[in-house]
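Biologist: I should like a close look at a single part of this model. Please describe the strands in turn, with their partners and the elements beside them.

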Amino acid sequence: MDRYARWNALLELLTDSGRVTVEEAAERLDVSQATIRRDFDQLAQQQMITRTRGGAVANGVSYDLPLRYKSAKHSAEKQRIGEAAARLVTPGTVVGLNGGTTITEVARALAVRPDLNVGGEGSQLTVVTNALNIANELLVRSRMKIVVAGGVVRPQSFEVVGPLGGALLKEVTLDIALLGVDALDVELGAASHHEGEAAMNSLMVARAKRVVVIADSSKLGSHAFARICPITQIETLVTDSGAPASTIAAFREAGVDVICA
């Protein structure tokens, strides 16, 4: 296991339990205690964790770890979700994408579809995004037209937020918005941990003819700080087969078409 993979694993342990000792981490990751101590020291220097005597505790920002440090949690589910969501996109349309690990899988699935990677008039796909990593995924793999909203970049998610990006989004029309969220609840709607990201996502919702929320089952029935939109503005939910039947039924009863990948 290389250094960054260990850091991912350590941050996941801290997110789940709040604190972990050097001995526990070394046993879980099957490495030496000296290696874990160095990892803890380096993560503490980056203000990702707080070092304690004999271990470490999660910082107050542990709920929103930077995307580059997030491990491939629920990775298989996210890949299936991404492929299912990409199938909702048709050639020649304008697609809105925000950021996050699940939307990254959507972008990768879009990039390898040959019918979307054509340059003819009226058939080229246009992608509008406020996430730099999503734009990069598509630029290096496809012939799509990529439009990136401006503004201030959040290093945690690589998403651009603020009025500069909002000004662009207000001037475009999206055929479909594919949005990753931090939480989705029948009563509370879709939400994000960060108010700036929620505001940008809300603009995408307002400018889209069709809104599709992309969320693995761990996000369903949960809540987050800033609301993106009410459930009534969401046409489709793409999730994984691990979602409880009762939860799926509740979304369908609320008028949301649910696709389980």
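Modeller: The account below takes one strand with its two partners, then a separate sheet, and lastly a glycine in a helix. The model is a predicted one, and the description should be read accordingly.

Strand β9 comprises residues 176–180. How many of the residues of β9 are buried? The count is 5 of the 5, so this strand is largely enclosed by the rest of the structure. The cut-off behind that statement is a relative accessible area under 20%. In a regular strand, side chains alternate between the two faces of the sheet. In β9, I176, L178 and G180 point one way, while A177 and L179 point the other way; the residues of both groups are buried.

The pairing of β9 can be followed to two other strands. Strand β4, residues 94–97, runs parallel to β9 and is joined to it by 3 bridges. Within this pair, A177 of β9 has G96 opposite it. Strand β12, residues 211–214, is also parallel to β9, with 4 bridges between them. Here L179 has V213 of β12 as its bridge partner. Thus A177 and L179, which point the same way from β9, appear in the pairing with G96 and with V213 respectively.

A further sheet is built from 3 strands in the order β10-β11-β13; this sheet is open and its pairing is antiparallel. Which strands stand at its edges? They are β10 (183–185) and β13 (226–229), each of which has a single partner strand, so one side of each lacks a neighbour in the sheet. From one strand to the next, the twist averages 35°. Strand β11, residues 189–192, is paired with β13 in the antiparallel sense through 3 bridges. One residue pair in this arrangement is S192 with A226, the latter lying in β13.

Helix α8, residues 195–207, lies across β11 and β13. Its direction is at about 10° to that of β13.

The last site is G166, which belongs to helix α7, residues 163–169. Is G166 buried or exposed? Its relative accessible area is 5%, so G166 counts as buried. Apart from neighbours within four places in sequence, G166 is in contact with M200 and L203. G166 and L203 are 37 residues apart along the chain, and their C-alpha atoms are separated by 7.0 Å. Both contact residues, M200 and L203, fall within the range 195–207 of helix α8.

How values were computed
Residues numbered from 1 in each chain as written. Predicted model: local features only at pLDDT ≥ 70, side-chain atom pairs only at ≥ 80, totals over all residues. Heavy atoms only, no water. Buried < 20%, exposed > 50% of the residue type's maximum accessible area, 1.4 Å probe, protein only. Contact = heavy atoms within 4.5 Å. Pairing = 2+ DSSP bridges. Axes fitted to C-alpha atoms, helices over the stretch in contact; angles between N-to-C directions.
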